Amino acid sequence: MVDGGWWMAGWDFYSHGMRIMRSLLLAAAVVAAASSSVGAQASTMGLARDARIAAALADVTPARLRMMDSMLVSFGTRHTLSDTLSATRGIGAARRWIHAQLTSFAKDCNGCLRVEYDTGSAVVGRSADRPTASLVNVVAWLPGRDTNRVVVIGGHYDSCICSVNSMDATADAPGADDDGSGTVAVMELARVMGKHFPRGFDASIAFILYTGEELGLLGSNQFAERLKREGKTVTAAFTDDIIGNTIADDGRVDSVSVRVFAVDSLAVGGGELARYVWATGALYQPQFEVLPVLRLDRLGRGGDHRPFVERGIPGLRFSERLENYKRQHLPTDTLNAVNFSYVAKVARLNLATVASLAAAPSRPEQTAYARDRESGGQSFTIRWSPVPNAASYELLVRRTTAPTYTRIVPVGNVTQFLLDEQLDDVWVGVRAVGADGHRSLTTVVGAPGGPRLPAQRR
Ligand SMILES: [Zn+2]
């Protein structure tokens with residue numbers, strides 16, 4: 001199928017017209033890459049735009065985000081060990097307000113969201129006197145056709161002044177950016193997605209506000225463990241954590257890009273998830289740059305995607321491009337430094353990504369490959385396990401050094417395909433395409449440590 005030639009021209013050419021279009025696209029990509037501060041060019045990776053998702057993005061409202069974050073700050077402190085009885089101060093009042101807000105969103109969509117407290121407790125291992133913390137996450141579920149498959153999007157509503165004293169549960173800890181910003185983004189997503197998609201998607205969505213993050217990811221650990229115990233399949237787990245600062249302490253400004261942190265484990269698929277977010281951003285919000293960072297988190301830092309990644313689930317963290325460390329874990333993390341237009345852009349990226357993944361089928365669970373004898377070993381037969389509700393499949397190809405996929409091969413509704421690639425030299429991903437054109441995450445063929453189909457008898 002491919003007419004030889006050099007690699008950049010190695011995108012699959014099916015017609016002369018496509019070839020001309022691709023060279024034009026390539027020229028545009030080269031120009032864009034030259035003007036990019038990051039260098040690597042985003043690719044939409046063959047994802048299809050959904051007009052209903054695009055319409056929902058417009059409903060994410062900066063003013064509402066600001067209003068909700070100002071309410072969170074008004075509770076004084078949201079330290080996990082703070083007062084739970086007061087109606088106006090402390091983490092108890094904060095979570096009851098969050099629960100009431102989500103419940104009102106549920107009412108507005110005729111009960112499409114199921115709101116609950118996710119409760120438990122854990123010993124705070126990082127404190128010398130090891131207190132037991134009561135852990136109350138707040139969850140809004142948007143059930144899908146498959147209630148056993150879940151896409152998780154969370155933020156942590158607890159706050160601290162950890163840079164002064166991580167166990168101080170009474171002093172003011174406004175946490176407007178960390179993580180009031182992520183909390184209100186997730187709440188806004190629950191509202192907007194409930195309004196636009198009251199019947200849900202293929203997968204269910206958990207909009208979750210975690211507690212205990214600042215004491216060691218306790219709330220997210222509890223929820224990840226619960227989903228595992230309940231036998232849920234988690235397609236992806238995202239966290240929004242500090243997504244509202246646009247001015248660094250040295251005066252640098254960036255309100256036009258966001259970082260996504262994920263481990264590029266081929267077996268687990270964190271890098272595949274980062275590439276999916278990168279492509280989705282380029283498709284729905286091209287003026288807002290996604291900067292994939294292929295490591296778990298910032299150096300020496302952690303977030304609520306980690307407990308999922310530790311359980312073999314693709315997890316990813318959204319964080320502002322520029323952090324201001326004088327406004328984190330301190331009484332100075334105040335509302336006036338949060339840019340809510342910026343938070344809205346991150347929330348729109350969240351929405352497009354979560355909706356696309358939830359609307360798509362699962363990715364193929366297992367893959368296998370075999371060197372093709374007839375071509376002298378230069379082609380490979382790729383096989384994969386069938387996916388319920390898949391209308392067709394696609395193979396995606398990238399060089400092992402390429403940041404994202406450069407060739408997309410539609411193969412129809414089959415579970416085996418002879419691919420004209422030397423698999424020794426590239427990474428190939430396989431994904432499922434739903435009837436309405438939504439694409440699943442990719443499963444990397446022959447990923448070290450990844451799940452394999454049993455060998456086929458010849
Ligand atoms: Zn945080």
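How many bridges join strand 1 to strand 2, and do these strands run parallel or antiparallel? Strand 1, residues 114–123, is joined to strand 2 by 10 bridges, and the two run antiparallel. I should state at the outset that this is a predicted model. Within that pairing, Thr119 has Val136 of strand 2 as its bridge partner.

Let me stay with strand 2, residues 132–142. Nine of its 11 residues are buried, which leaves the strand mostly covered. Strand 2 is also joined to strand 4, residues 203–210, by five bridges, again in an antiparallel arrangement. Here Trp141 has Ala206 of strand 4 as its bridge partner, and Leu142 stands opposite Ile205.

I turn now to the whole sheet. It is an open sheet of eight strands with mixed pairing, in the order 1-2-4-3-5-8-6-7. Strand 1 and strand 7, the latter at 289–293, are at the edges; each has a single partner strand, so one side of each is without a neighbour in the sheet. On average, neighbouring strands are turned by 25° against each other, direction ignored.

Next, the helices. Helix 6, residues 176–196, lies across strands 2, 3, 4 and 5, and runs at about 145° to strand 3. Helix 10 lies across strands 3, 4, 5, 6, 7 and 8, at about 180° to strand 5.

Helix 10, residues 340–359, also packs with helix 8, residues 270–284, at an angle of about 115°, the axes being 9 Å apart. Their crossing is right-handed. Tyr276, Val277, Thr280, Gly281 and Tyr284 of helix 8 meet Leu349, Ala352, Thr353 and Ser356 of helix 10. By class, this contact has five nonpolar, four polar and no charged residues.

Definitions and conventions: Residues are numbered from 1 along each chain as its sequence is written. This is a predicted model: local features need pLDDT of at least 70, side-chain atom pairs count only at pLDDT 80 or more; totals for chains, interfaces and linings use all residues. A residue is buried if 20 or more other C-beta atoms lie within 10 Å of its own, exposed if 12 or fewer, and partly exposed in between; C-beta atoms are placed from the backbone. Helices (H or I, at least four residues) and strands (E, at least two) are DSSP runs, numbered from the N terminus. Two strands pair if DSSP finds at least two bridges between them. Axes are lines fitted to C-alpha atoms, for helices over the stretch in contact, and angles run from 0 to 180 degrees between N-to-C directions. A crossing is left-handed if the near helix is turned anticlockwise from the far one by less than a right angle, and right-handed if clockwise. Two residues are in contact if their C-beta atoms, placed from the backbone, lie within 7 Å. Ala, Val, Leu, Ile, Met, Phe, Trp, Tyr, Cys and Pro count as nonpolar, Asp, Glu, Lys and Arg as charged, and the others, Gly among them, as polar.
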